[in-house]
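Me: I would like a close look at a single part of this model, the sheet. Please work outward from there to the loops and charges around the chain.

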Amino acid sequence: MKRPAYKRKQYWNEPTMTWWEKFYLFEILRGLAVTSVVFLRNMKRWMTGKKGALATYYPEETRFDYAPLNRGKHVLTQRPDGRPQCIACNLCATVCPAKVIEIDAAFDPEDTAHPKYPARFEIDYSRCVFCGLCVEACPEDAIRMVKEVPDLPSADRNRMWLAKEELLNWQPQRDAAKPYPAKAGAERSGGPA
């Protein structure tokens, strides 16, 4: 039995091409004109020694047109004893549209304020869309995004998984909006003593 041919759905706002656009030669020439103008303008700037749209030399220079609140790398805030402010509630992992945050919760019965803490907190930067929803969803102000992103691009996907230790110690931040008292007799560590 032969299947009927698939009939594509017609949308009410589907674009239609004019005869000018259907004759592709004019569009090709228009594209070449735009490319030539940009090329010649940049070539003139380069020949006169002015800085044009050539390149931004990344580690030494950052782009001037980045917004001041640009979302970059994630940082976990710390409690006074060095432990993460995170209580492993998994809200950040739940709201993440790309599903790149993985948290394993652990239990510390000696911490009366919040006995749950993240034993493992990892973010897969090869799939992260830097939307900032994890920061907005966190009830404890435990995760933030900072503008600087050192050594984030990589050819190896395994290097783009950032673990709890790097998220805590890369740019340590202890000014949480919801501070907790230090645990009695605890020293700076990544987990409970």
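Reply:

**The sheet and its surroundings**

Three strands form an open sheet in the order S2-S3-S5, with antiparallel pairing. S2 and S5 stand at the edges, each with a single partner strand, so one side of each is left without a neighbour in the sheet. The model is predicted. Strands of a sheet pair through backbone hydrogen bonds, either parallel or antiparallel.

Take the S2 and S3 pairing. Strand S2 covers residues 101-107 and strand S3 covers residues 116-124. Seven bridges join the two, and they run antiparallel. Two residue pairs fix the register. Ile103 stands opposite Phe121 in S3. Phe107 stands opposite Lys116 in S3.

Now the S3 and S5 pairing. Strand S5 spans residues 161-162. Two bridges join S5 to S3, again in antiparallel fashion. Ile123 has Leu162 in S5 as its bridge partner.

Lys116 deserves a second look. This residue is found in strand S3. Its relative accessible area is 38%, so Lys116 is partly exposed. Lys116 also has a contact to check along the chain. Its C-alpha atom is separated from that of Cys86 by 8.5 Å, with the two positions 30 residues apart in chain numbering.

**Where the sheet sits in the chain**

The protein has five helices and five strands. From the N terminus on, the elements run α-α-β-α-β-β-α-β-β-α. Buried residues make up 29% of the 193 residues.

**The loops before and after H3**

Two residues here have an uncommon backbone angle. Most residues other than glycine have a negative phi. Ala88 is not a glycine, yet its phi is positive, at about 55°. Ala88 lies in the loop between strand S1 (73-76) and helix H3 (91-95). At 0% relative accessibility, Ala88 counts as buried.

Lys99 is the other case. Its phi is also positive, at about 55°, although Lys99 is not a glycine. Lys99 sits in the loop between H3 and S2. With a relative accessible area of 49%, Lys99 is partly exposed. The cut-offs matter for this reading: buried means under 20% and exposed means over 50%, so 49% falls in between.

**Salt bridges beside the sheet**

The structure holds 10 salt bridges. One of them joins the side chains of Arg83 and Asp108, at 3.3 Å from N to O. That pair links distant parts of the chain. Arg83 is in the loop between S1 and H3, Asp108 is in the loop between S2 and S3, and the two are 25 residues apart.

Arg83 has another partner. Asp111 forms a salt bridge with Arg83, and the closest N and O atoms are 3.4 Å apart. This pair also links distant parts of the chain. Asp111 is in the loop between S2 and S3, 28 residues from Arg83.

How buried or exposed are these charged residues? Arg83 counts as buried, at 2% relative accessibility. Asp108 is buried, with a relative accessible area of 5%. Asp111 is buried too, with a relative accessible area of 9%.

The set extends to one further residue. Arg79, Arg83, Asp108 and Asp111 are linked in a network of salt bridges. For the sheet, the point is the location of the two acids: Asp108 and Asp111 both lie in the loop between S2 and S3.

**Charges elsewhere in the chain**

Another salt bridge joins Arg144 and Asp141, with the closest N and O atoms 2.7 Å apart. Arg144 is buried, with a relative accessible area of 16%. Asp141 counts as partly exposed, at 21% relative accessibility. The cut-off for buried is under 20%, so the two residues fall on opposite sides of it.

A positive surface patch is formed by Arg41, Lys44, Arg45 and Lys50. Arg45 has its place in helix H2, which covers residues 24-47. Its relative accessible area is 31%, so Arg45 is partly exposed. Patch residues need over 30% relative accessible area, so Arg45 passes that cut-off at 31%.

**Back to the sheet**

In short, S3 has bridges to S2 and to S5. The loop between S2 and S3 carries Asp108 and Asp111, each in a salt bridge with Arg83.

Notes:
Residues are numbered from 1 along each chain as its sequence is written. This is a predicted model: local features need pLDDT of at least 70, side-chain atom pairs count only at pLDDT 80 or more; totals for chains, interfaces and linings use all residues. Side-chain values use heavy atoms; hydrogens and water are left out. Patches are made of residues with over 30% relative accessible area and no salt bridge: like charges are joined within 9 Å, nonpolar side chains (Val, Leu, Ile, Met, Phe, Trp, Tyr) within 5 Å. Accessible areas come from the Shrake-Rupley method with a 1.4 Å probe; for residues, only the protein chains shown count as cover. A salt bridge is a side-chain nitrogen of Lys or Arg within 4 Å of a carboxyl oxygen of Asp or Glu. Lys and Arg count as positive and Asp and Glu as negative; His and the chain ends are not counted. The place of a charge is taken as NZ of Lys, CZ of Arg, CG of Asp or CD of Glu. Helices (H or I, at least four residues) and strands (E, at least two) are DSSP runs, numbered from the N terminus. Buried means under 20% relative accessible area, exposed over 50%, partly exposed in between (1.4 Å probe, protein chains only). Two strands pair if DSSP finds at least two bridges between them.
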